[in-house]
Amino acid sequence: MSDELYMRRAMELATKGQGAVSPNPLVGCVIVKDGLIIGEGYHKKYGEAHAEVNAINHVFSQHGANAPALLQDATAYVTLEPCAHFGKTPPCADLLIKHALGKVIVANTDPFPDVNGKGISKLKDAGIQVQTGVLDKECKWINRRFFTRIEQQRPYIILKWARTANGYFSPKNAVQQWISGPLSKKLVHQWRTEEDAILVGKRTVIADDPQLSAREWPGKNPIRIVIDKNLEIPVTAKIFNDLAKTVIFNEKKTTVEGNIHYIQMEDMHFYLPQKIAFQLYLMDIQSIIIEGGAHILEQFISSGLWDEARVFTGTDSWKTGTLSPQINGNITSLTTIDKDQLTIYTNTFTT
């Protein structure tokens, strides 16, 4: 039970890096000596120190001259296998060996080819005891974006929309009409800070003129991805402001104009979700929220290219409109958000 307790603390720390470390994984580390936590840390920002480095630095900041003796034969709990290669930072496995830790307990092995067992082997070769698989499933869930990108060569795909109480997605006319309430909107803005990118189609931009920002929650704005086959969106649209980078998938041109990146695709009417998913993978985009319109959402659903769907159901009923997309999946949670009902599905074939 104590192993799980310390690993849960490492998981808690790891999730603090959400939205800041992509395309790296979320990693937390807890260092224990004689039943007491002597240091802990997590990967805070892409390109900066990894969790193990921050945990060891914490031991030194807390214990000063006693730190080397405390670290010797201590146990480190790490949510993901320590790296064994030089990337933007030195190998974490070497650091644990340097300080002569006695045992390293790892939740998940790292599927990234430059690691993938090499960190564990390096620790064992140095005489450090290694145990794997503690809270394996739970730790893999918090790193589902990373695992999806490495193992499936595509981003983790989250679908999001709102529907009326009687199943409508949007009005027949082009007038914007809110279905969910202000608290749900705030939650959506929080989600946007946690993912790399957000995607909508041309019709959504023309009808709603959205900013696609996270202005109601502290954190970064996602990269804005827009599908505009024939470049019909007016240049006055808010997606062209400087709040975030915008990528326009189209059939006309590939060029960069300030923070607007135009990427040309051929035959966008064939296999569009697959083409988008692979292009985003090449761009190191690890996760994306797709917010509409209905046709775009339905294309990703029908091609099976989705991992989670987050669906708000409001209290109003409409007499007419565009029907909500239909989705089959595992319902993992039902939550009341003020007057709205939030249903979260996971894809049966990707979980």
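# Why the labels fit: sheets, rings and a helix face

Me: What makes strand 14 and strand 17 a pair?

Reply: Six bridges join strand 14 to strand 17 (residues 340-346), and the two run antiparallel. Two strands need at least two bridges to count as a pair, and six bridges meet that condition, so the word "pair" fits here. Within this pairing, Arg310 stands opposite Ile344 in strand 17. Please keep in mind that this is a predicted model.

Me: Which way does strand 14 run relative to strand 6, and how do you know that they pair?

Reply: Strand 6 and strand 14 run in the parallel sense, with six bridges between them. That again satisfies the cut-off of at least two, so they are a pair. Trp161 stands opposite Val311 in strand 14.

Me: Why is strand 14 called mostly covered?

Reply: Six of its six residues are buried, where buried means under 20% relative accessible area. Glu308, Arg310 and Phe312 point one way from the strand, while Ala309, Val311 and Thr313 point the other way, and all are buried. Strand 9 is mostly covered as well, with four of its five residues buried.

Me: What makes strand 11 and strand 16 edge strands?

Reply: Let us begin with the sheet itself. It is an open sheet of 10 strands in the order 11-12-10-9-8-13-6-14-17-16, and its pairing is mixed. Strand 11 (255-257) and strand 16 (330-337) each have a single partner strand, so one side of each has no neighbour in the sheet. From one strand to the next, the twist averages 20 degrees. At one edge, strand 11 pairs with strand 12 (residues 260-264) over three bridges in the antiparallel sense, and Thr255 has Tyr262 as its bridge partner in strand 12. An example of parallel pairing is strand 8 with strand 9, joined by five bridges; there, Ala197 stands opposite Ile223 in strand 9.

Me: Which strands stand at the edges of the five-stranded sheet, and why?

Reply: That open sheet has the order 2-1-3-4-5, with mixed pairing. Strand 2 (36-42) and strand 5 (129-132) are at its edges: each has a single partner strand, so one side of each is left without a neighbour in the sheet. The twist here averages 15 degrees from one strand to the next. Strand 1 (residues 28-33) and strand 2 run antiparallel and are joined by six bridges, with Tyr42 in strand 2 as the bridge partner of Gly28.

Me: Why do the rings of Phe146 and Phe147 get the name they do?

Reply: The structure holds four aromatic pairs. In one of them, the rings of Phe146 and Phe147 have centres 5.9 Å apart, which lies within the 6.5 Å limit, and their planes are at 80 degrees, which is over 60, so the pair is edge-to-face. Phe146 and Phe147 are both buried.

Me: And what makes the pair of Trp191 and Phe312 stacked?

Reply: Their ring centres are 5.7 Å apart, again within 6.5 Å, but the planes are at 25 degrees, which is under 30, so this pair is stacked. The pair links distant parts of the chain: Trp191 is in helix 8 (residues 182-194) and Phe312 is in strand 14 (residues 308-313), 121 residues apart. Both Trp191 and Phe312 are buried.

Me: Where does the charged end of Arg310 sit relative to Trp191?

Reply: The charged end of Arg310 sits over the ring of Trp191, 4.6 Å from its centre. Lys253 offers a second example, lying over the face of Tyr262 at 4.2 Å from the ring centre. Both distances are within the 6 Å limit for a charge over a ring.

Me: How do you know that the buried residues of helix 10 line one face?

Reply: The buried residues of helix 10 (residues 272-282) are Leu272, Pro273, Ile276, Ala277 and Leu280. Seen down the helix axis, they fall within an arc of 130 degrees, so they line one face. An α-helix has 3.6 residues a turn, so residues three or four places apart point the same way. The buried residues of helix 10 pack against strand 8, strand 9, strand 10 (246-250), strand 13 and helix 11. Just after helix 10, Asp284 takes a positive phi of about 65 degrees.

Notes:
Residues are numbered from 1 along each chain as its sequence is written. This is a predicted model: local features need pLDDT of at least 70, side-chain atom pairs count only at pLDDT 80 or more; totals for chains, interfaces and linings use all residues. Side-chain values use heavy atoms; hydrogens and water are left out. Axes are lines fitted to C-alpha atoms, for helices over the stretch in contact, and angles run from 0 to 180 degrees between N-to-C directions. Rings of Phe, Tyr and Trp (its six-membered ring) pair if their centres lie within 6.5 Å; planes under 30 degrees apart count as stacked, over 60 as edge-to-face and the rest as tilted. Buried means under 20% relative accessible area, exposed over 50%, partly exposed in between (1.4 Å probe, protein chains only). A charge sits over a ring if NZ of Lys or CZ of Arg is within 6 Å of the ring centre and within 35 degrees of the ring normal. The arc is that of the directions from the helix axis to the C-beta atoms. Contact means heavy atoms within 4.5 Å.
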